[in-house]
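Thanks for making the time this morning. I would like to walk you through one structure, going from a metal site to the interior, and I will stop for a question or two on the way.

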Amino acid sequence: MFAVLQLVRKKRLQMNMFDLKQHPHRRYNPLTGEWVLVSPHRTNRPWQGQVEEVASEAEPEFDPNCYLCPGNTRVGGVRNPKYTSTFVFENDFAALRPDTPEARVDEGGLLVAEAERGICRVVCFSPRHDLTLARMSVEQIREVVDTWVAQYQELGAESFINWVQIFENRGALMGASNPHPHGQIWANSHPPNELRKEDSAQREYHASHSSCLLCDYLALELKSRERVVSENGFVYAIVPFWAVWPFEIIVVSKQHATGLDDLHVGLRPAFADILKRVTEGYDRLFKVSFPYSMGLHQRPTDGSLHPEWHLHAHFYPPLLRSATIRKFMVGYELLATPQRDITPEAAASSLREVMY
Ligand SMILES: [Zn+2]
Ligand SMILES: [Zn+2]
Ligand SMILES: [Zn+2]
């Protein structure tokens, strides 16, 4: 009888001890002010590492039908130069245009619209049709980083451009229509939603703590190292504590830099190196050319210094358990709060095995 009572008491004690690895909980994202629901009890089985081989057709080095390959003609008749490194051009189907007239519609604060001026560009990472960031050398990725810096500065210098969003949509699963390695830049006047959230969060943190949100966050992560998946001493890849996507990663530099242009020039190879390690590791995880949306977040280009802003990159990959099982943001996630089963710590441990 005594033994049974002891067992019950022990069980009750265990139940009362909150464990991030066991109990459903929500985690706070200090960059956006939003929460994610984590349900670790649903995946208490260890990761099996099952891998299903997905036959991927090898791309040719040059595709005569690709509108991004050197020397080919794009829709609309413009011919690409025979570029040998990176190549930037104005998007032929731009979502934003610089010549949009200023205007505002407001009916009782309920029907509100504003004209949006902007510039959209395409950045080809390489003349080779068959490469990806993962398959490019660190030196080649460094050239992409240099191009991003030049574009960020050039677009940011335009008086009506306050936000420069550099991003890459990789893989058919993410809706990328062309496998040629390329990214995009959308630059505009008004703060885009995600940047508006991160801008106010970093500003408020800086005002109340007299320090930088991401510098402080990185220091915490480097103390436990539980979620650090790759590093080179200057730049770190981390599965953020508040990650929504199963294998989400945030890339943060140790040096406080408000934008890529503010990062010490000597550290650009380190930044390129981490991009290489992350994308290569992703490809190894499920033995597939890993799909993702990746983007840089940098200070607004409104002319102020923005010491509160800390340059970083987000990787949002949709895959969940294999090359074909993806996560969908539906149901509760669409209507209430994003949710995940595998914890960020478990995801980080899987990623560490494939990221060097
Ligand atoms: Zn191509
Ligand atoms: Zn910082
Ligand atoms: Zn961000």
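Let me begin with a question: does Glu198 count as buried or exposed, and what is the relative accessibility behind that answer? Please keep in mind that what you are looking at is a predicted model, so every value I quote is computed from it. The answer is that Glu198 counts as buried, because its relative accessibility is 2% and the cut-off for buried is under 20%.

That residue matters for our tour since Glu198 belongs to the zinc site: the zinc ion, ligand 3, is coordinated by two OE donors of Glu198, by ND1 of His297, and by NE2 of both His312 and His314, at 2.0 to 2.2 Å. Along the chain, the donors follow the spacing E-x98-H-x14-H-x1-H. The site links distant parts of the chain, with Glu198 in helix α3, residues 193–209, and His314 in strand β13, residues 312–316, the two being 116 residues apart. His314, for its part, also counts as buried, with 6% relative accessibility.

Now to some backbone details around these elements. Ser210, in the loop between α3 and α4, has a phi near 55 degrees, which is a positive value in a residue other than glycine, and Ser210 is exposed, at a relative accessible area of 64%. His306, in the loop between β12 and β13, likewise is not a glycine and has a positive phi, of about 50 degrees, but His306 is buried, with a relative accessible area of 11%.

Which helix gives the most to the largest nonpolar core? That core has 56 residues, and those with the most contacts inside it are Trp148, Ile249, Val251, Phe271, Tyr282 and Leu351; helix α5 gives the most to it, with eight residues. Apart from this core lies another, of 15 residues, among them Ala201, Tyr217, Ile238 and Trp242.

Staying with α5, residues 268–285, its 18 residues should span 26 Å at 1.5 Å a residue, and the end C-alpha atoms are indeed 26 Å apart, which agrees. Of those 18 residues, 14 are buried, so α5 is largely enclosed by the rest of the structure. Looking at Phe271 in particular, and leaving aside residues up to four places away in sequence, its contacts include Val145, Val235, Val251, Leu260 and Leu296. After α5 comes Lys287, whose phi is positive, near 50 degrees.

That is where I will stop, and I am happy to take questions.

Terms used: Residues are numbered from 1 along each chain as its sequence is written. Chains are lettered from A and ligands numbered from 1 in the order in which they are written. This is a predicted model: local features need pLDDT of at least 70, side-chain atom pairs count only at pLDDT 80 or more; totals for chains, interfaces and linings use all residues. Side-chain values use heavy atoms; hydrogens and water are left out. Donors are N, O and S atoms within 2.8 Å of the metal (3.2 Å for Na, K and Ca); water is not among the atoms, so sites may look incomplete. Helices (H or I, at least four residues) and strands (E, at least two) are DSSP runs, numbered from the N terminus. Buried means under 20% relative accessible area, exposed over 50%, partly exposed in between (1.4 Å probe, protein chains only). The expected span of a helix is 1.5 Å times one less than its number of residues. A nonpolar core is a set of buried Ala, Val, Leu, Ile, Met, Phe, Trp, Tyr and Cys residues joined through side-chain atoms within 4.5 Å. Contact means heavy atoms within 4.5 Å.
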